[in-house]
Every structure is written in structure tokens, then in C-alpha cells.
Amino acid sequence: MAPLEPYERLFVDSDFLEEDVHGKMLSCEKCHGGNPKDNNWKTAHKGVIKDPSYPDPSEACGVCHREISKRNSTSLHIRLLPYKNKMHIRVGSDKEVRDKVKKAMDTHCMGCHSSCGQCHVSRPNSVGGGLVEGHFFKKTPPVETNCTSCHGSRMEKEYFGKNKGVPADVHHTKGRFKCTDCHRGDEMHGSGKEHFDRYEVTNRARCEDCHQEVTPGKPLSDKSKPLKHPAHAIHKDKVSCQTCHSVSYKHCYNCHVGKDKHGDPYFKTEPSVMGFKIGFNPKPTKERPERYVTVRHIPISRGLFDFYVKDALTNFDKAPTWKMATPHTIQLKTPQNKDCVTCHTSNDFYLTEKDVRPEEMQSNKDVVPSPRCPPAVLHNWLPRVSLHLKNVDCITCHNTLLRSPIKDCNQCHSQKSILLKGVAIVEEECSWKDMVTRLEFTNKELMERKDYIIGCNRILALDIMSIFILVLTFVVCVIHGAVRVITTRRKGKSRV
Amino acid sequence: MSEKIYLHTMVERIWHWTNGFLIILLVLTGMQLHWPDTFTFFGAFSNAVLIHNWSGILLIIDFFVWLIYNIVSKRISHYILKKEEIYPGLIVQAKYYLYGIFKREPHPYTPTENNKFNPLQKLAYFVYMFIFMPLLLLSGILYLYPECSSLILKIGGLKTIAIFHFIMAFVFTAFLIIHLYLSTTGDTIFSSLISMFTGYEEKKEH
């Protein structure tokens, strides 16, 4: 995003005073202070506030938008509480050290906050500020000037597919969704309660807001996109959506903050790395109960604040450096969700001890999952295990329509076999329109996954009977034809 | 002396040969799908699957083309049996095929532009197009997209659909054999076949 020229930052469009409700009803000094009656510009501007909505908007925005203003202090965009909370876990209890860390964070971290005005009127101060459109109030903040001006290095590049070799998020390519289509005002304005981190926010954006499971008797909402695949019911509350549906995203390593010789603050990190890793959720909660989540390495190091105070992070190992992530690289089909065995047998997609730096091993001990157990070992109670694993689709046994996975041999190997009733088919709605437009056949998928057992629908007695009837039909036709020829010839001769 | 009568319109002829071609393709691919170790007409098993899938979809389209055309043009009346064609028509025609044809008796029902099929043809084609064909296509669709309908679970699962589809395939194959043979029972061996290309059939005066 190109920076604004100085005049562009300050230019107030005269139309704002006539067309925008704020311009029509409020004079400048009502919000910004100052004295309009004073003819001396210097004294007239005394006490003028650039952003009257920060830190407390109650005297400006709150006069009309009282309810939203009340929740202002719980908005993570304003308070940046998760930054403070998580850093405090790592900082020791020494008050002097804490004060120095606070000073460092105020200098380097806490400037990235937003406010009512910095979303709805101007660009955020952290990117230089400047009025977005001549002081017009934008009910929905523009993505490019406000959302991605701060969330540009990761979210913008991920969502719009600007990382080399990584496709854009399907919500952008297929739905042209803006940030605010999922992250609504309610979430941005705070819930009214203080939260430890953003995953605890009760009114945050959730995949389930639109993507609902099909439950018999339960109607789907208007904007619902039904979840058709049986894997959703199997993995519900165990595996996060992103674990199956996101692709490579950004990981940042190391971070040091300091001041240059002119006294200007700076930060320094290692070059970021793209990758995809599944780890354990370090802190499952009621809101995020999943055991398996996508994790990313965050930009932190033991010597982060060394410029201000040496070894400030004495409790560094009390929080993981690989933390839960919600990448904005969502795809319907991903390398890890192509079949069951990709995740259930291979360690390729998981965070392993090899991925964790030795000095960070202790802090990530609860995040690194145990290595995958081969299916042959997991199913070692089965007789002829390799034959079963080769010929039986996972979902046939691990079916959500059954109360528990099939373990009784007679359930399949009997005349009343459960397989004959098609238990592998999940009863759900299906869009015929989708089916026709995607020009794909279900059996193509079965073939690719090698789930179809050739000849499984053959019945020998039926085959023999059908062939017999066909041959009989053919023979009758031949005899009928032969008799026709013979009688025709005889009749021809008798005429002669 | 003979005169030509116009029996089969251009649309009907195109539909007929498309239908015939697709049925033969479906039978051959179906044979490879059912007995892949015996028949390999189309190379890999997946080739047969793909051709069978697409032929099935085209047959559905072809069926609706036939249905809509016949309803709109009112030529569907050719397939409806009249009272006198049921009795004694069906008996008379059956006797002809079982007995009269060998004595070179004249056809009891000669085709006209308004009534081109004999009673047995009408009955056979009616059952074929209005009962067997929809059942074949429906079972094919359910077999093709089992996840899209709960009907499969209600009628006993995929196995039931598979068996039903297989039986229908044999009915169609048997029909094809009989149809091919009976097409030779016109005034000459090839007269019916030629009329399906030209649309005209020669009406001989006996």
C-alpha cells in the first residue's frame, strides 16, 4: 500500500459536511476539541485531539454509539491484550524486569492498536495514518487501506495468494469475500468480556457460521453450505477445520527489538518460511476443544528484549513457540485430505521433534504430537489385517451411522452383512446442480482411491441365469429365422 | 406396383441411431465392468467406467429428446394401443409371428403414416420407452451418485441397485437381439433397416 502525500492525509472533503451524517450534525470541535471562535490558528488549535476515539471513545463516538463504545475496552484490536497476556507468562515476577519489558513493549508492540477512527475514518496510525476518503465515515472499513495495512505480511499474502506457489484462499477465489464478511463488527468491537486470547472470543468468526453439518430434522440456515463428507462428523471437536483444509502458510523465527543510533526503534527477525504443520492444541478450551490444530512458529526468542533488559524471559519455556494458527489459505482439496491414510499413517504433515529447535524443545513439549502409528499396528486385532486394509474403505467400518466402529466379524461376514445395506453411504442432502456443473462422477473418486472392489456386485447364479435367457433368446430367433427361410424356399419351389 | 410412405421423421431417425449406438456402447462397457477379467474391449477398466458414465448421461439426454419431441409433435399416438389393437390385434399379430409368417401370409397390419407400428410393436415399444428405459436410467443415476439420494438406503443399499441395474441391462440386451431379428421380417430382409435411414418404406400391393 503506497503511503499518502501529506495533503491527502489531512484533506477534508467539503462534501463530508453536507453528505455524511457526522459532518452534517457535528461541528469539528465537538469531537476534536479546539476553539473555532478564536481567529489565531495557533491558540485555536490548542487542545485539538487527532484521534478522539482513542483510547476512550465515550466522549466522541460513545455519545451516539453508546453500546459499541462500552465494549471498546474489551476489543482486542484496541487493547492488544493477548500480546500482553502471553508475554507476561514468559516474563519472570521481578517488578523491575517487568517494568522494562513493559517499556519495550510500549515502544515496539503496543503501537499496532486500532481505534474507532482508525478503522472507520483513517488508516491506522501504525502505518502512518491519513484520512481514507476526505473524512467520510466508512461503515465497513476498506480491506486494502485498513485491514491489510496491518495484517499484510501474513493474512493479505495468504488470503490473496501472494505467496509464491501457494493458491489464494477459496473464499477469495470462489466467493470474493472481504475480511468483514467473516470478521463482523461485533467481533471487532469486542464482546464486552475480557479474553485471554482471540480464540476465546465468543463472537469471533467461525467456519461453522456458514458450514453446517447436515443433521436429520435440523434445518440449515439460509447461508449454509452443508458439510457433505462423513469425515466432518468423525473429526468434529477433534481436528480443527484448518488442519484438513489449509495449505502452506507463513512461519516466523526469532525476533530482537532495539533502537538504532538515532534512537528510532526497530525489530529484526529471521527470513520467514512457508510450511504446513499439524500439532497438538496446547490449550484446548470449550471454545476450541480440538486436539489437532495447525501450528505456526511465532517471531520470538529468548533474547527478544536484551536491548532493554538481559534475560527478561526467564519463563520462556512456559509457553510454546509453535502456537495454534488459523491460516487464511483454505482450500476444499488439500494434499493432507486426499484420503484417510495420508494423515493416519504418515508423519509428513505433523510437527515433529526434528522441526523444533533444540533450545525450544522444552517449551513445545505439549505441542509435538506422538509419531503416527501404522494402521497395521492399530488394527492388529483383525485377522488377515493386510487383506482387510487393502480391500475395505476406512469409512466402511468407521461409519458415523454406526454407534461404534465395526469390530464383530459377523457384522460383515454373514448373510445379513451390513455391507449389503450400503452403510458406507451417509444420508445427506446433495446439490444436483453442483453435481452436474462439476462434471465429476462419484465412481471416479472411488476408482482413484482404489476403494471399488471389482466384481463385488456379481452373483454367480444371476449371471448364469441371465446368460442362459440371452442365449435362449438368440437361439429362438435363429430357429425362427431358419424356419422362415426353409418355408419360403419350399413355397417358392411349389409356385414354380 | 408400390408406393412410398413416410414413416420416420429426421428427428426420430437421429434419435433411433443415437439410442442404438449408446445402448450397444453401454452393453459392451457394461460387460467389461461386470466381467473385467474376460472382456477388455476398451483397454483399462477405468476407460470402460468413463465411457459407461458418459454414455449413460447421453442416453438420459437422448431419452428426453425423444419424449419431448413425441409429446410436442403428438407422434406419441404411434405408441398408444387402441382398443381393437389390444383385442384381437395382439392375438392376430402374435399368430402371424408364430404361424402366418412361415406361410408367407400378408402382414395383418400394414404401416400407415398415422399408425406405423403393429399392435405387438406398440406394446413392446411402449413398455421399452415408458417403463424399462426410465427404470434403467433411474437405477443408473442412483448407482452413479449414491450419495445424493437417501432412496438407496430405503431400498436395501447399493447392492440392490447394482443387481437391478444388471437385470435391466440384460432385458435391454435381449430386447436388442429380438429387435434386430424382427427388423428382418419386413417385406424384404432389409426393408425396415433401409426405412430407418431414409424415413420411407415401400408399400407393396399384395
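**A viewer tour of chains A and B**

Colour chain A by confidence to begin: its mean pLDDT (the predictor's confidence in each residue, from 0 to 100) is 85, and 87% of its residues reach 70 or more. Now select residues 423-429 of chain A, where the pLDDT is below 50. Beyond near neighbours in sequence, that stretch still has 26 contacts (heavy atoms within 4.5 Å) in the model.

Some ground rules: this is a predicted model, where local features need pLDDT of at least 70 and side-chain atom pairs count only at pLDDT 80 or more, while totals for chains, interfaces and linings use all residues. Residues are numbered from 1 along each chain as its sequence is written, chains are lettered from A and ligands numbered from 1 in the order in which they are written, and side-chain values use heavy atoms, with hydrogens and water left out.

**Stop 1: a hairpin**

Select residues 256-259 and 265-268 of chain A, which are strands S2 and S3. Strands here are DSSP runs of E with at least two residues, helices are runs of H or I with at least four, and both are numbered from the N terminus. The two strands run antiparallel and are joined by 4 bridges; pairing takes at least two bridges found by DSSP. Click Lys259(A) and you'll find its bridge partner, Pro265(A), in S3(A). The hairpin has 5 residues between its strands, and Gly263(A) in the turn has a positive phi of about 85 degrees.

**Stop 2: the cysteines**

How many disulfides does a search of the whole structure find? It finds 0 over all chains, a disulfide being a pair of cysteine sulfur atoms within 2.5 Å. Try Cys119(A): the nearest cysteine sulfur belongs to Cys147(A), 7.2 Å away. For Cys210(A), the nearest is that of Cys182(A), at 6.3 Å.

**Stop 3: Ser346(A)**

Next, go to the loop between helix H18 (340-345) and helix H19 (375-378) of chain A, where Ser346(A) lies. Ser346(A) is buried, at 19% relative accessible area (buried is under 20%, exposed over 50%, partly exposed in between, with a 1.4 Å probe and protein chains only). A polar atom of its side chain lies 2.9 Å from the backbone nitrogen of Asp348(A). Leaving aside neighbours within four places in sequence, Ser346(A) is in contact with Val341(A) and Arg372(A).

**Stop 4: Thr112(B)**

Finally, hop to chain B and the loop between helix H3 (83-98) and helix H4 (119-144), home of Thr112(B). Thr112(B) is partly exposed, at 33% relative accessibility. Not counting residues up to four places away in sequence, Thr112(B) touches Ile5(B) and Leu7(B). The C-alpha atoms of Thr112(B) and Ile5(B) are separated by 7.1 Å, though the residues are 107 apart along the chain.

Note on methods. A polar contact is a pair of N or O atoms within 3.5 Å; within protein, one must be able to donate a hydrogen and the other to accept it, and residues adjacent in sequence count only if both atoms are side-chain atoms.
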